[in-house]
Amino acid sequence: MKILFNHFIIVALVIPSLAKAGGSETTFSDLDKDGDGKLSIVEAGAHEGLSIQFIKLDTDKNGYLTIGEVSAYKPDLTESIPGME
């Protein structure tokens, strides 16, 4: 948990440099830079809302956000992914 908290602090400090202008246009696949189907704390850091809520949204506490965990919070991030409406 301490490691996850430390990552959260790091991400919180770099959000301004990672945030995409007009963040509402960002999708899950945009954030999933390595294409593994889940978001790390670093990948989620590109979206201010996800980075702030990361620990709460990570319901299985595995250190990653799945498409299901993200869509429960921010459905519009999954709209452009076929089958994830």
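## A guided tour of the predicted chain

Among the contacts in the protein chain that link residues at least 6 apart in sequence, 46% join residues at least 24 apart, a contact being a pair with heavy atoms within 4.5 Å. Before you start selecting, note that this is a predicted model, in which local features need pLDDT of at least 70 and side-chain atom pairs count only at pLDDT 80 or more, while totals for chains, interfaces and linings use all residues. Residues are numbered from 1 along each chain as its sequence is written, and side-chain values use heavy atoms, with hydrogens and water left out.

**The whole chain**

Begin with a cartoon view of the protein chain, whose secondary structure comes to five helices and two strands. Here helices (H or I, at least four residues) and strands (E, at least two) are DSSP runs, numbered from the N terminus. If you follow the chain along its sequence, the elements appear in the pattern α-α-β-α-α-β-α.

Now switch to a surface, where the protein chain exposes about 5,100 Å², with carbon and sulfur atoms supplying 61% of it; such areas come from the Shrake-Rupley method with a 1.4 Å probe, and for residues only the protein chains shown count as cover. Of the 85 residues, 34% count as buried, where buried means under 20% relative accessible area, exposed means over 50%, and partly exposed lies in between (1.4 Å probe, protein chains only).

**Colour by confidence**

Next, colour the chain by pLDDT, which is the predictor's confidence in each residue, from 0 to 100. The chain averages a pLDDT of 75, and 64% of the residues score at least 70. Which element has the lowest mean pLDDT, and which the highest? Among the elements, helix α1 (residues 2-18) has the lowest mean, 50, and strand β1 (residues 38-39) has the highest, 96. Select residues 10-23 as well, because their pLDDT is below 50, although this stretch has 14 contacts in the model beyond near neighbours in sequence. At residues 81-85 the pLDDT also stays under 50, and the model has seven contacts there beyond four places in sequence. Where pLDDT is low, the predicted coordinates should not be read in detail.

**The largest nonpolar core**

Now show the side chains of Phe28, Leu31, Leu39, Ile41, Ala44, Leu50, Phe54, Leu57, Leu65, Ile67, Val70 and Leu77, the 12 residues that make up the largest nonpolar core. A nonpolar core is a set of buried Ala, Val, Leu, Ile, Met, Phe, Trp, Tyr and Cys residues joined through side-chain atoms within 4.5 Å. Helices α2 (28-31), α3 (41-44), α4 and α5 (67-73) are the elements that give two or more residues to this core, and α4 provides the largest share, three residues.

Centre the view on leucine 50 in helix α4. Is this leucine 50 buried or exposed? Leucine 50 is buried, with a relative accessible area of 0%. Not counting residues up to four places away in sequence, leucine 50 touches Leu31, Leu39, Ala44, Leu57, Leu65, Val70, Tyr73 and Leu77. Its distance to leucine 65 is 9.2 Å from C-alpha to C-alpha, and the two are 15 residues apart in sequence.

Then move to alanine 44 in helix α3, which is also buried, with a relative accessible area of 0%. Leaving out residues up to four places away, alanine 44 touches Leu39, Leu50, Ser51, Phe54 and Leu65. For contrast, select valine 42, which is likewise placed in helix α3 but is exposed, with a relative accessible area of 55%.

**The loop between α4 and β2**

Select aspartate 58, found in the loop between α4 and β2. Aspartate 58 is buried yet has no salt bridge, and the nearest side chain of opposite charge, lysine 61, is 5.9 Å away. A salt bridge is a side-chain nitrogen of Lys or Arg within 4 Å of a carboxyl oxygen of Asp or Glu; Lys and Arg count as positive and Asp and Glu as negative, whereas His and the chain ends are not counted. Beyond four places in sequence, aspartate 58 touches Gly63, Tyr64, Leu65 and Glu69.

Lysine 61 is found in the loop between α4 (48-57) and β2 (65-66), and it has a positive phi of about 55° although it is not a glycine. Most residues other than glycine have a negative phi.

**Last stop**

Finish at aspartate 76, in the segment after α5. Aspartate 76 is partly exposed, with a relative accessible area of 25%. Aspartate 76 and threonine 27 are 49 residues apart in sequence, and their C-alpha atoms are 7.4 Å apart in space.
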